[in-house]
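Biologist: I'm new to this one, so could you walk me through it? Let's have it on screen first.

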Amino acid sequence: QVQLVESGGGLVQAGGSLRLSCAASGSIFSVNRMGWYRQAPGKQRDLVAIITSGGRTNYTDSVKGRFTISRDNAKNTVYLQMNSLKPEDTAVYYCNADRAVTSIGVRYDFWGQGTQVTVSS
């Protein structure tokens, strides 16, 4: 079974840092674009950052200069280093993969279970 498993969320004070990890597990040969999204209570799920298999990145404006997305293709894992955290960064963070080649075929647009990030003021 192919799935995304996230870790690294938690509670941190404003100005602090956290590092999220998301590993694609199962019989996976490759993963195309991977990304992080977040959803605050009562709001829609929004893009935070994405990274292609070739390493190209894109960030939402509110996290530029504070967050860094990276990946290890050999491990099919994506990371999100979050620095200078603000209370408005509080949300559930979800990992996404847009396309994965697996032993049983190609799978599209799948999500992790989410990890809570809470930033206190």
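Biologist: Which residues form a disulfide here?

Modeller: Keep in mind that this is a predicted model. A pair of cysteine sulfur atoms within 2.5 Å counts as a disulfide, and there is one such link in the count. Its sulfur atoms sit 2.1 Å apart, and the two partners are Cys 22 and Cys 95.

Biologist: Okay, and how many residues apart are those two?

Modeller: The bond ties together distant parts of the chain. Cys 22 belongs to strand β3 (residues 18–25), while Cys 95 belongs to strand β10 (residues 91–102). Along the chain, that puts them 73 residues apart.

Biologist: Is Cys 22 buried or exposed?

Modeller: A residue is called buried when its relative accessible area is under 20%. Cys 22 has 0% relative accessibility, so the label for Cys 22 is buried. Its partner Cys 95 also comes out at 0%, and therefore Cys 95 is buried.

Biologist: What about the fold, then: how many strands are in the protein?

Modeller: Reading along the sequence, you meet β after β in the pattern. The helix count is zero, and the strand count is twelve.

Biologist: And what is the radius of gyration of the protein?

Modeller: The C-alpha trace spans about 45 × 25 × 20 Å along its principal axes. For 121 residues the globule rule gives 14 Å, and the protein's value is close to that, so it is as compact as a globular protein of that length. The radius of gyration is 14 Å.

Terms used:
Residues are numbered from 1 along each chain as its sequence is written. This is a predicted model: local features need pLDDT of at least 70, side-chain atom pairs count only at pLDDT 80 or more; totals for chains, interfaces and linings use all residues. Side-chain values use heavy atoms; hydrogens and water are left out. Helices (H or I, at least four residues) and strands (E, at least two) are DSSP runs, numbered from the N terminus. The radius of gyration is taken over C-alpha atoms; the globule rule is 2.2 Å times the number of residues to the power 0.38. Buried means under 20% relative accessible area, exposed over 50%, partly exposed in between (1.4 Å probe, protein chains only).
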